[in-house]
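Hi there,

Here is the structure I promised to pass on. Have a look at it first, and then read my notes below.

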Amino acid sequence: MRRPMVAGNWKMHGTRASVAELIEGLVNLALPGSVDVAVFPTSLHIGLVAECLEGTSIVVGAQNAAHETGQGALTGEVSPGQVVDMGCKFVLVGHSERRQIMGETNSVLNHKFAAAQASGLTPILCVGETLEEREAGKTLEVVGRQLDSIIEELGIDAFVNAVIAYEPVWAIGTGLTASPQQAQDVHAEIRAQLAKENAEVAQGVRLLYGGSVKAANAAELFGMPDIDGGLIGGASLNADEFGAIIRAAGN
Ligand code: PGA
């Protein structure tokens with residue numbers, strides 16, 4: 001049985017005051033014990049959030065970490081080891097905003113994924129197609145290539161300690177959600193692709209859906225057999241809404 005997971009990606013949001021308020025809301029939520037919950041603040045706020053959530057069941061992750069394990073001369077970056085030192089358990093790898101806006105390629109992401117694991121973090125690999133790619137019938141090809149890049153470079157066992165988030169780019173922050181069936185179809189293909197390499201790894205890996213998930217559509221999405229939870233952007237900035245999404249994953 002895969003344990004459901006709900007992750008909140010705060011993106012480039014938050015001030016000290018708003019983060020403190022959000023944390024207060026989170027710690028006061030009554031959460032089901034059956035769901036793993038993680039939040040991903042900006043790098044600046046990781047320390048504050050990790051400190052305030054210590055002793056709770058909510059863990060902290062980073063939205064990004066460097067492609068190298070060690071510390072050194074790399075202005076503006078944080079290393080995965082530093083992220084661990086600040087109390088993080090997870091790191092996002094290959095969010096579409098980083099692929100598209102920051103120009104991160106599959107090759108760079110392979111290094112980031114490997115460096116994260118080598119440092120003791122669990123990477124959450126984000127994959128997904130653009131609207132043009134979906135309309136051209138290329139969804140599975142694009143997602144398949146993003147996964148294959150990791151498999152070819154690091155081997156299928158890289159997914160033993162990893163999470164995958166399927167996030168159609170056209171559904172992120174747009175209010176457009178993939179229908180539960182659309183999401184399930186891609187999730188099933190992702191699992192089938194992994195199963196060709198190793199059935200056990202494929203059965204064990206958690207596949208999250210992301211893209212305009214909110215309390216109103218979460219239960220239907222999480223009810224699909226290959227959807228093991230969600231990666232939540234906008235709706236994770238509201239503690240009550242995020243709590244309702246977490247409860248939907250626990251049902
Ligand atoms: P959204 O973002 O929930 O605001 O669509 C999801 C994500 O980018 O992870």
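**Strand β5 and its neighbours**

Strand β5 runs parallel to strand β6 (residues 163–166), and the two are paired over four bridges. Within that pairing, Cys126 sits opposite Ala165 in β6. Before I go further, please keep in mind that this is a predicted model.

β5 also has a partner in strand β4 (residues 88–93): those two pair in the parallel sense as well, again over four bridges. If you want a spot to click on there, try Leu92, whose bridge partner in β5 is Ile124.

So how many of the residues of β5 are buried? The strand covers residues 122–127, and six of its six residues are buried. In a regular strand, side chains alternate between the two faces of the sheet. You can follow this in β5: Thr122, Ile124 and Cys126 point one way, while Pro123, Leu125 and Val127 point the other way. Both sets are buried.

**Ser79**

The other place I looked at is Ser79, which is found in the loop between β3 (58–62) and α3 (80–85). Is Ser79 buried or exposed? Its relative accessibility is 6%, and since anything under 20% counts as buried, Ser79 is buried. As for what is around it, leaving aside residues up to four places away in sequence, Ser79 touches Ala65, Ala66, Glu68, Thr69, Gly70 and Gln71.

**The chain as a whole**

Stepping back, the protein chain has eleven helices and eight strands. Its radius of gyration is 17 Å, close to the 18 Å that the globule rule gives for 251 residues, so the chain is as compact as a globular protein of that length. If you prefer box dimensions, the C-alpha trace spans about 45 × 45 × 35 Å along its principal axes.

Of the 251 residues, 52% count as buried. Contacts also reach across the sequence: among those between residues at least 6 apart, 72% join residues at least 24 apart.

On the outside, the accessible surface of the chain is about 11,300 Å², and 51% of that belongs to carbon and sulfur atoms. For charges, there are 16 positive and 29 negative side chains, with the centres of the two sets 1 Å apart.

When you open the model, I'd begin with β5 between its two partners, β4 and β6, and then go to the loop that holds Ser79.

Cheers

Technical notes. Residues numbered from 1 in each chain as written. Predicted model: local features only at pLDDT ≥ 70, side-chain atom pairs only at ≥ 80, totals over all residues. Heavy atoms only, no water. Rg over C-alpha atoms; globule rule 2.2 N^0.38 Å. Buried < 20%, exposed > 50% of the residue type's maximum accessible area, 1.4 Å probe, protein only. Contact = heavy atoms within 4.5 Å. Areas by Shrake-Rupley, 256 points an atom, 1.4 Å probe, with all protein chains shown as cover. Lys, Arg positive; Asp, Glu negative; His and termini not counted. Charge placed at Lys NZ, Arg CZ, Asp CG, Glu CD. Pairing = 2+ DSSP bridges.
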